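Here is a walk through the side-chain packing of a single model, written for someone who likes distances and angles next to the names. Have the viewer open while you read.

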Amino acid sequence: KTFSVDSHAGKWTLFMLADEQCNELCKRNIYLMRQVKRAIGKDSHQVSRMVFLADESAFSSGEQYFDDYPQMTVLKAEQQDVKKFSHYLKTITKMDNVFNKVFIIDPYGRTMMHYNQHFKPRDLLSDLKRLIMVNSNDSVATM
């Protein structure tokens, strides 16, 4: 189905640009993104997950794998779109390789933070909890 950015508006999004094969590291990070969302607890409804596949064949070969993640948005794109998007991520992170890294996108669509390919889930969880808490405090303060 067609993707709309609006489906993630207002939520903190854990995002990953998967490598072409979606290898074991890719699958590990997809799994950890789910575990972090679950560990958020009562605020998990404020978090969504999204994976952008660099190659449609990664989806075809891993389609059964992605069936285990029904609430995660899986985007498939043309190669030129992947190149543009990876260039954008390289520009904002100042890193050569942006594949299989996890990014936190705020409820307004801005890339806030990123984690290396071998991130520690407790670090991601801690940062995400803090961001959700600060954001909810800001919402209460502006009312």
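F15, F52, F85, Y88 and F103 are joined into a cluster by ring pairs. Keep in mind that this is a predicted model. Five aromatic pairs turn up in the count, and two of them are worth a closer look.

Take F15 and F103 to begin with. Their ring centres sit 6.3 Å apart with the planes at 55°, so this pair is tilted. Where do the two residues sit along the chain? F15 belongs to strand β1 (residues 12-18) and F103 to strand β4 (residues 102-105), so the pair ties together parts that are 88 residues apart in sequence. Both ends are tucked away: F15 is buried at a relative accessible area of 3%, and F103 is buried at 1%.

Now for F52 and F85. Here the centres are 5.3 Å apart and the planes are at 45°, so this pair is tilted too. It links distant parts of the chain, with F52 in strand β2 (residues 47-53) and F85 in helix α3 (residues 79-93), 33 residues apart. Buried or partly exposed, what is each partner? F52 counts as buried, at 12% relative accessibility. F85, in contrast, has a relative accessible area of 28% and is partly exposed. The cut-off for buried is under 20%, so F52 with its 12% passes while F85 with its 28% does not.

One more ring deserves a mention, this time for a charge. R28 lies over the face of F119, at 5.4 Å from the ring centre.

On to the nonpolar packing. In soluble globular proteins, nonpolar side chains tend to be buried together. In this model the largest nonpolar core has 27 residues. Which of them have the most contacts inside it? They are L14, I30, I104, L124 and L128. Two or more residues each come from β1, α1 (24-39), β2, α2 (56-66), β4 and α4, so if you colour by element you'll see both strands and helices feeding this core.

L14 is a good residue to click on. Setting aside neighbours within four places in sequence, L14 is in contact with M33, V36, V47, S48, R49, M50, F103, I104, L124 and L128. There is also another core, apart from the largest one, with twelve residues, and M50, L89, F103 and I105 are among them. F103 therefore does several jobs in this picture: a member of the aromatic cluster, a partner of F15 in a tilted pair, and part of the twelve-residue core.

Next, the charges. Side chains of opposite charge can pair when their charged atoms come close. The model has three salt bridges, listed here with the distance between the closest N and O atoms.

| Salt bridge | Closest N to O distance |
|---|---|
| K42 and D43 | 3.6 Å |
| R110 and D106 | 2.7 Å |
| R130 and D127 | 3.8 Å |

How exposed are some of these partners? K42 is exposed, with a relative accessible area of 72%. D106 is buried, at 4%. R130 counts as partly exposed, at 48% relative accessibility. R130 and D127 both lie in helix α4 (residues 121-142), three residues apart, about one turn of the helix.

There is one disulfide in the structure. It joins C22 to C26, with an S to S distance of 2.1 Å. What is the handedness of the link? With -75° about the S-S bond, the link of C22 and C26 is left-handed. Both cysteines are out of reach of the probe or nearly so by the numbers: C22 is buried at 3% relative accessible area, and C26 is buried at 0%.

Finally, some backbone detail. K94 has a positive phi of about 60° although it is not a glycine, and N100 also has a positive phi, near 65°, without being a glycine. Where are they? K94 is in the loop between α3 and β4, and N100 lies in the loop between α3 and β4 as well. Exposed or buried, what is each one? K94 is exposed, with a relative accessible area of 70%, whereas N100 is buried, at 3%.

How values were computed
Residues numbered from 1 in each chain as written. Predicted model: local features only at pLDDT ≥ 70, side-chain atom pairs only at ≥ 80, totals over all residues. Heavy atoms only, no water. Phe/Tyr/Trp six-rings, centres within 6.5 Å; stacked < 30°, edge-to-face > 60°. Helix = DSSP H or I, 4+ residues; strand = E, 2+ residues; numbered from the N terminus. Buried < 20%, exposed > 50% of the residue type's maximum accessible area, 1.4 Å probe, protein only. Lys NZ or Arg CZ within 6 Å of the ring centre and 35° of its normal. Salt bridge = Lys/Arg side-chain N within 4 Å of Asp/Glu carboxyl O. Core = buried A, V, L, I, M, F, W, Y, C linked by side-chain atoms within 4.5 Å. Contact = heavy atoms within 4.5 Å. Disulfide = S-S within 2.5 Å.
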